[in-house]
Amino acid sequence: MEGLSKMLDKARQLEWIQGFKISSNSGNSISISHMLYADDTLIFCGAEKLQLQYLNLTLLIFESISGLHINMVKSMIYPVNVVPNLDELADIMSCDIGSFPTTYLGLPLGAKHKSVKMQYLSMGGRVTLINSVLDSIPTYIMSLFPMPSKVQKQLDKLRRSFLWEGNSEGHKFHLVKWATVTQPRSLGDLGIRDLSKHNKSLLMKWHWRYGQEGTSL
């Protein structure tokens with residue numbers, strides 16, 4: 001998928017497609033044309049016939065070069081706001097038309113915040129979200145650098161609050177010590193990762209590689 005990502009970046013640089021911009025408080029901004037997750041791809045472009053034609057051309061070139069096939073039957077085009085020529089745009093991509101709100105990888109898209117009722121998640125649901133989302137976000141950085149203790153404490157605070165309080169207002173008592181919560185499930189606990197140990201185990205990978213593949217570094 002890295003090849004497709006590079007081609008979409010190039011298409012944006014050539015102004016074939018136009019993504020959306022995110023600005024920071026400092027005034028800097030970045031333009032996002034696509035997002036990748038495993039074999040799934042989200043592509044953002046303007047609701048213009050020419051942009052869709054360029055996008056379709058980019059995907060055809062990718063298929064020709066890589067030998068991979070993009071299944072447009074499983075693809076959807078989601079309009080933002082009112083798009084008068086939506087049927088024509090969908091015909092260019094040979095895909096169906098979707099509408100918001102919808103779900104992507106099990107998460108809601110386009111829904112109002114109040115409709116995502118985190119406070120109604122069970123304890124098991126919150127544990128699953130912590131393990132699959134909150135713990136996965138810093139994994140890449142943790143595999144490269146030691147995590148400062150201040151950062152770890154802040155992340156633990158966020159995870160503790162979400163586990164015991166969810167999205168509800170007000171403070172709730174934390175019924176079990178965090179050191180117990182982060183014990184393995186084999187010991188009868190919840191199996192939430194200990195970030196300090198996880199960080200060390202990821203960094204030890206480099207020591208192992210250096211010992212096994214001395215020339216790879």
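Is F20 buried, partly exposed or exposed, as judged by its relative accessible area? In this predicted model, F20 has a relative accessible area of 32% and is therefore partly exposed, since that class lies between the buried limit of 20% and the exposed limit of 50%. The residue belongs to strand β1, which spans residues 20–23. Its surroundings are taken up again below, after the overall architecture.

The protein chain contains eight helices and eight strands. It has 217 residues, of which 26% count as buried. Among contacts between residues at least 6 apart in sequence, 50% join residues at least 24 apart.

Two of the helices, α1 (residues 2–13) and α2 (residues 49–66), pack against each other at an angle of about 150°, and their axes are 10 Å apart. Their crossing is right-handed. On the side of α1, the contact is formed by G3, L4, M7, L8 and A11, and on the side of α2 by L55, T58, L59, I61 and F62. Sorted by class, this contact comprises eight nonpolar residues, two polar residues and no charged residues. In general, an α-helix has 3.6 residues a turn, so residues three or four places apart point the same way.

The largest nonpolar core of the model has 18 residues, and the members that touch the most others are L52, L55, L59, I77, L89 and M93. Helices α1, α2 and α3 (86–93) are the elements that give two or more residues to this core. Helix α3 supplies the largest share, namely five residues. L55, which also takes part in the contact between α1 and α2, illustrates how separate parts of the chain meet. When neighbours within four places in sequence are left aside, L55 is in contact with L8, I17, I43, C45 and M93. A second core, separate from the one just described, consists of eight residues, including I130, L163, W164 and I192. As a general background, nonpolar side chains tend to be buried together in soluble globular proteins.

I130 is also one of the buried residues of helix α4 (residues 123–134), the others being G125, R126 and V127. The buried residues of α4 pack against helix α6 (149–165).

Three aromatic pairs are present in the structure. In one of them, the ring centres of F20 and F44 lie 4.9 Å apart and the planes stand at 85°, so the pair is edge-to-face, a term applied to angles over 60 degrees. This pair links distant parts of the chain, because F20 lies in β1 whereas F44 lies in the loop between β4 (40–43) and α2, 24 residues apart. Like F20, which has a relative accessible area of 32%, F44 is partly exposed, with a value of 25%. Another pair is formed by Y78 and F100, with 5.3 Å from centre to centre and 35° between the planes, and this pair is tilted. It too connects distant parts of the chain: Y78 is in the loop between β5 (76–77) and α3, while F100 is in the loop between β6 (96–97) and β7 (102–104), 22 residues apart. Y78 counts as partly exposed at 32% relative accessibility, and F100 likewise counts as partly exposed at 39%.

The loop between β4 and α2 holds G46 as well as F44. G46 has a relative accessible area of 18% and is buried, because its value falls under 20%. With neighbours within four places in sequence left aside, the contacts of G46 are Q18, Q51 and L52. The C-alpha atom of G46 is separated by 9.9 Å from that of W16, although the two residues are 30 residues apart along the chain.

Several loops also show notable backbone geometry. F100, a member of the tilted pair, is joined to P101 by a cis peptide bond, with omega at about 0°. P101 is placed in the loop between β6 and β7. Positive phi values occur in N81 and S94, neither of which is a glycine. For N81, in the loop between β5 and α3, phi is near 65°; this residue is exposed, with a relative accessible area of 71%. For S94, in the loop between α3 and β6, phi is about 55°, and the residue counts as exposed at 54% relative accessibility, because the limit for that class is 50%.

Technical notes
Residues numbered from 1 in each chain as written. Predicted model: local features only at pLDDT ≥ 70, side-chain atom pairs only at ≥ 80, totals over all residues. Heavy atoms only, no water. Axes fitted to C-alpha atoms, helices over the stretch in contact; angles between N-to-C directions. Helix = DSSP H or I, 4+ residues; strand = E, 2+ residues; numbered from the N terminus. Left-handed = near helix turned anticlockwise from the far one by under 90°. Contact = heavy atoms within 4.5 Å. Nonpolar A, V, L, I, M, F, W, Y, C, P; charged D, E, K, R; others polar. Core = buried A, V, L, I, M, F, W, Y, C linked by side-chain atoms within 4.5 Å. Buried < 20%, exposed > 50% of the residue type's maximum accessible area, 1.4 Å probe, protein only. Phe/Tyr/Trp six-rings, centres within 6.5 Å; stacked < 30°, edge-to-face > 60°.
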